[in-house]
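Got your viewer open? Load the model, keep the selection box handy, and let's walk through it together.

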Amino acid sequence: MGKSEGSSSGAISSSKKKNKGPLCHCKRRTSMAKAWTNDNRGRRFWLCNPHGFVAWIDLEEQNAWQKQSLLEARDVMDRLREEIKVLKQSPWTTSQQATIEDSNALLLEEGDRLAEEKKKLEIALITSAEKEKLLRQFLVLSWGGFIVITIIIVFAMLKK
Ligand SMILES: [Zn+2]
């Protein structure tokens with residue numbers, strides 16, 4: 001576990017490890033910065049603005065506690081990942097599928113209801129058309145009746 005270096009900054013650190021001063025090889029003053037790579041999370045190093053990483057401030061030995069806590073955190077993450085996997089595999093997914101099926105059924109019901117509504121509307125349209133036809137027939141009949149009645153009346157009056 002001793003020699004695991006950071007993925008990206010580790011490569012630079014091996015070439016510049018002995019340069020432990022606040023001055024970079026370009027004679028610029030370095031500033032303190034924190035690494036956020038997976039292996040060196042929170043580890044401080046000297047940073048030269050144009051050149052980047054110069055040297056670690058936190059030596060690996062002094063940093064052991066931090067690595068330990070990182071490993072523990074990783075264990076917790078692994079455990080959580082496992083739990084999520086288990087949750088995804090078992091009844092949770094089936095219940096989720098059930099809800100999906102339920103919502104599908106609901107959608108189908110909704111579709112049926114809409115189809116029924118449409119049918120009802122069509123029937124209403126047909127009946128209203130029929131009513132209109134009936135009304136027209138009634139009007140024709142009543143006009144005809146009116147004319148027939150007037151003719152009868154006129155004949156009756158002419159007979160007198
Ligand atoms: Zn520099």
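The tour goes from the whole chain to the sheet, then the core, then the tail end.

**Before you click.** This is a predicted model, in which local features need pLDDT of at least 70 and side-chain atom pairs count only at pLDDT 80 or more, while totals for chains, interfaces and linings use all residues. Residues are numbered from 1 along each chain as its sequence is written.

**Stop 1: the whole chain.** Switch to cartoon view. You'll find three helices and three strands (DSSP runs numbered from the N terminus: helices are H or I with at least four residues, strands are E with at least two). Trace the chain along its sequence and the pattern reads α-β-β-β-α-α. Of the 160 residues, 9% are buried. Buried means that 20 or more other C-beta atoms, placed from the backbone, lie within 10 Å of the residue's own.

**Stop 2: the sheet.** Select residues 31-34, which are β1, then add 44-48 for β2 and 52-56 for β3. These three strands make an open sheet in the order β1-β2-β3, with antiparallel pairing (strands pair if DSSP finds at least two bridges between them). Why do β1 and β3 each have one side left without a neighbour in the sheet? They stand at the edges, so each has a single partner strand. From one strand to the next, the twist averages 45° (the axes are lines fitted to C-alpha atoms, and angles run from 0 to 180 degrees between N-to-C directions).

Now zoom in on the pairs. β1 and β2 are joined over four bridges; look for Lys34 opposite Arg44 in β2. β2 and β3 also pair over four bridges, and here Phe45 sits opposite Trp56 in β3. Three residues lie between β2 and β3 in their hairpin.

**Stop 3: the core.** Which residues build the largest nonpolar core? Show side chains for Cys24, Ala35, Phe45, Trp46, Cys48, Phe53, Val54, Ala55 and Trp56. (A nonpolar core is a set of buried Ala, Val, Leu, Ile, Met, Phe, Trp, Tyr and Cys residues joined through C-beta atoms within 7 Å.) β3 gives the largest share, four residues.

Click Cys24 next. Leaving out residues up to four places away in sequence, Cys24 touches Thr30, Cys48, His51 and Val54 (contact means C-beta atoms within 7 Å, placed from the backbone).

**Stop 4: the tail end.** Finish by selecting 138-158, listed as "transmembrane region" in an unreviewed UniProt entry; such annotations may be inferred rather than shown by experiment. This stretch is 100% helix, and its end C-alpha atoms are 29 Å apart.

Conventions. A residue is buried if 20 or more other C-beta atoms lie within 10 Å of its own, exposed if 12 or fewer, and partly exposed in between; C-beta atoms are placed from the backbone. Two residues are in contact if their C-beta atoms, placed from the backbone, lie within 7 Å.
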